[in-house]
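Open the model in your viewer and keep the selection panel at hand. The stops below go from one residue to its surroundings, then to a helix pair and a set of charged pairs.

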Amino acid sequence: MTDLKVSAETGEISADVREWRQLLARHADLTCALDRELQAGHQLGMSEYEVLERLAELPEQSAKVQTIAKSVHLSQSALSRVIGRLETAGLVERHMCPEDRRAINVRLTDEGLVRQTEAQPTQRRVLANRLHSPLTKTCDAPST
């Protein structure tokens, strides 16, 4: 990356700042498109889908909340809200960790696995259509 400085006289922005802003815009576009498509087709938000997928990838389909939080890049309080929504929908179950009674494990239910499996092609399609294409800077455009 180029280490250009912002010029107060010209208002020129460094290459690093431009790249950072493009990364943020790409993330916002993908997040919006994933939320829209997953909600419309599967009644899941992007974060809910990510939790279901991470659990589905595990042999026991169960993990500590702290482990999930690290893999989906959510704070524990944000993840707690996501898990609460998934639990209300019957897609996951919470239970005490047998090795550490202070910890909570989250387990994917059969219904959760079905929903994740059904939603996976939608998530993959949105990623394929948006990740490597020119940035649309809006999630109004369909990802078909």
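Is Leu-55 buried or exposed? Select Leu-55 in this predicted model. Its relative accessible area is 0%, and the cut-off for buried is under 20%, so Leu-55 is buried.

**Stop 1: around Leu-55**

Color helix H2, which covers residues 46–56 and contains Leu-55. Next, show the residues that Leu-55 touches, leaving aside those up to four places away in sequence: Gln-61, Ser-62, Ala-63, Ile-68, Val-92, Val-106 and Leu-108. Pick Val-92 from that set and draw a distance between C-alpha atoms. Leu-55 and Val-92 are 37 residues apart along the chain, and their C-alpha atoms are separated by 9.2 Å.

**Stop 2: the nonpolar core**

Widen the selection to the largest nonpolar core, a set of 24 residues. Leu-55 is listed with those that have the most contacts inside this core, together with Leu-44, Val-51, Ile-68, Leu-79, Leu-86 and Val-92. Which elements each supply at least two residues of the core? They are helix H1 (15–42), H2, helix H3 (65–72), helix H4 (76–88), strand S3 (104–108) and helix H5 (110–130). H2 gives the largest share, five residues.

**Stop 3: H3 against H4**

Hide everything except H3 and H4. The axes of these two helices come within 10 Å and cross at roughly 105 degrees. Angles of 65 to 115 degrees count as roughly perpendicular, so H3 is roughly perpendicular to H4. Now show side chains at the contact. On H3, select Val-65, Gln-66, Ile-68, Ala-69 and Val-72; on H4, select Gln-76, Leu-79 and Ile-83. Sorted by type, the residues of this contact are six nonpolar, two polar and no charged. Ile-68 of H3 has appeared before, as one of the residues touched by Leu-55.

**Stop 4: salt bridges**

Restore the whole chain and display the charged side chains. How many salt bridges does the count come to? It comes to nine; a few of them are visited here.

Go back to H2 and select Arg-54 and Glu-50. They form a salt bridge in which the closest N and O atoms are 2.4 Å apart. Both residues lie in H2, four residues apart, about one turn of the helix. Glu-50 is buried, at a relative accessible area of 17%, whereas Arg-54 is partly exposed, at 24%.

Move to Glu-87 and Arg-94, whose side chains meet in a salt bridge at 2.9 Å, N to O. Glu-87 has a relative accessible area of 33% and is partly exposed. Arg-94 also counts as partly exposed, with a relative accessibility of 34%.

Then select Arg-107 and Glu-93, another salt bridge, with the closest N and O atoms 2.6 Å apart. Arg-107 belongs to strand S3 and Glu-93 to strand S2 (residues 92–96), so this pair ties together parts that are 14 residues apart in sequence. Relative accessibility is 29% for Arg-107, which counts as partly exposed. Glu-93, at 36%, counts as partly exposed.

For the last selection, take Arg-36, Glu-37 and Arg-125. Salt bridges that share partners join these three residues into one network.

How values were computed. Residues are numbered from 1 along each chain as its sequence is written. This is a predicted model: local features need pLDDT of at least 70, side-chain atom pairs count only at pLDDT 80 or more; totals for chains, interfaces and linings use all residues. Side-chain values use heavy atoms; hydrogens and water are left out. Buried means under 20% relative accessible area, exposed over 50%, partly exposed in between (1.4 Å probe, protein chains only). Contact means heavy atoms within 4.5 Å. A nonpolar core is a set of buried Ala, Val, Leu, Ile, Met, Phe, Trp, Tyr and Cys residues joined through side-chain atoms within 4.5 Å. Axes are lines fitted to C-alpha atoms, for helices over the stretch in contact, and angles run from 0 to 180 degrees between N-to-C directions. Angles under 35 degrees count as roughly parallel, over 145 as roughly antiparallel, 65 to 115 as roughly perpendicular and the rest as oblique. Ala, Val, Leu, Ile, Met, Phe, Trp, Tyr, Cys and Pro count as nonpolar, Asp, Glu, Lys and Arg as charged, and the others, Gly among them, as polar. A salt bridge is a side-chain nitrogen of Lys or Arg within 4 Å of a carboxyl oxygen of Asp or Glu.
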